[in-house]
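Reader: Could you walk me through some strand pairing here, a question at a time?

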Number of protein chains: 2
Amino acid sequence: MITSIQNKFVKEWKKLHKKKYRQESGTFLIEGEHMIEEAYETDQLITTLIVQEGKEVPAWMDEEYVYIVTENVFKEISQTEAPQGIAAIVNMGSMKQEHNNYVLLIDAVQDPGNLGTIIRTADAAGFSKVVLGEGTVDLYNDKVVRATQGSIFHLAIEQRDLNEAITNLQTDGFSVWATTLRRAKNYAEIEPTNKTAIILGNEGRGVQQKWLDMADELVKIPMYGKAESLNVGIAAGILMYHIRK
Amino acid sequence: MITSIQNKFVKEWKKLHKKKYRQESGTFLIEGEHMIEEAYETDQLITTLIVQEGKEVPAWMDEEYVYIVTENVFKEISQTEAPQGIAAIVNMGSMKQEHNNYVLLIDAVQDPGNLGTIIRTADAAGFSKVVLGEGTVDLYNDKVVRATQGSIFHLAIEQRDLNEAITNLQTDGFSVWATTLRRAKNYAEIEPTNKTAIILGNEGRGVQQKWLDMADELVKIPMYGKAESLNVGIAAGILMYHIRK
């Protein structure tokens, strides 16, 4: 059992709170029973399981990879306000790759909760791929991971240049929609084709002009009341379910 | 200028961080230029304006109601991480009352961010009334108010028994939809009538059985992928825009 926060493993694990070390190691931290079950059930490579003393170790986990730690040590590793006493280190490399006819492109969404919720909603709507363009919050940020509620393991998610992604999708027969308020059609008046991708923009400035210029359709969600805009996650949900309906 | 956090006004204003004192005084705190403009533009009664020294006082505000405070005092009053240096005390009593044919009923949504976003989305979708049933987070909680982005001033919002609200709406010719996963129809297959109300449930347990029993339609949003559920705000957005389309 690890009892000291000075332990070398504890120090290594804590490094994963930072993007730089996640990228260097190709691993990230997840917390809580639900997330760990999701990782296991989707054949995600769990390299280390960290369990607080007194908490149950899942039966399927090879003992070799399990570390038991004190409550104090667990708190040091945890990034949640109410730690559940179980965390895991997961390999990024084993994420899903294949995709279907519904793709989401993210242009610099910066709030971790928004990105996580968008990924969860994309999963619910049967989208199978999400491309994270430059300036988007790190996918492996603990708040993003938590807000996906496990959907991070269900989809193919790439960090990639949007120029290339849009071009490839169009070559592949996709109609690419971009959300914007100016010169855009009401989304409800556009009949989705059977291969559709949606570009969602940053919370403040929306989708950049260069991606609007490349899009096949400019779409907007009408404001019927006095609100000036929708939250980007809500907009994503409305558009994705319109396309799948 | 108020320079001390021990000042009696500062102590009074800080009390509004607590629900009990908001209810007793019938007032609540708002922060930031955008929120204050929204309150002003919608004829909301602003009883006090609190401005940090060096920040601009809006030209429309009667000087009699303006208090200038030091940065230190403003931080004491503020509930945001990055205070904008302007706050106001607003009268609850002057909220909008009239409503149209689209009503949202909330059964114990507990996350302030969710409730605020739902109110903002209801405004965008042209819903004009939101009824907050028992167990719902306090409307005047600072995080709720902030997440509405001003829509708190655009809608009629009541804290009220849902039994009475549902009965009155049905008497008034409304079709009342309740969201649930069991024995429910796909929302997309139901043609909305011209007077529709939607009941949204608590994040964990959903809509209570007693309200499901009263509803005219049980509706669900299908899960096309592997996600187990949608965030309640996202579900609200999809359903309200379906009804308005």
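Reader: In β7(A), which residue is the bridge partner of Leu132(A)?

Author: This is a predicted model, where local features need pLDDT of at least 70, side-chain atom pairs count only at pLDDT 80 or more, and totals for chains, interfaces and linings use all residues. Residues are numbered from 1 along each chain as written, chains are lettered from A and ligands numbered from 1 in written order, and side-chain values use heavy atoms, without hydrogens and water. Strands here are DSSP E runs of at least two residues, helices H or I runs of at least four, both numbered from the N terminus, and two strands pair if DSSP finds at least two bridges. β6(A) runs parallel to β7 (residues 156–159) of chain A, with four bridges joining them, and the partner of Leu132(A) is Gln159(A).

Reader: Which residue of β6(A) does Leu105(A) stand opposite?

Author: β5 (residues 102–107) of chain A pairs with β6(A) in the parallel sense, over four bridges. Opposite Leu105(A) stands Val131(A).

Reader: Which residue points the same way as Val131(A) from β6(A)?

Author: In a regular strand, side chains alternate between the two faces of the sheet. In β6 (residues 129–132) of chain A, Val130(A) and Leu132(A) point the other way, and all of these residues are buried (under 20% relative accessible area, 1.4 Å probe, protein chains only). The residue pointing with Val131(A) is Lys129(A).

Reader: Over in chain B, which strands stand at the edges of the sheet?

Author: The open four-stranded sheet has mixed pairing and the order β1-β4-β2-β3. Each edge strand has a single partner, so one side is left without a neighbour in the sheet; they are β1 (27–31) and β3 (66–69) of chain B.

Definitions and conventions: Buried means under 20% relative accessible area, exposed over 50%, partly exposed in between (1.4 Å probe, protein chains only).
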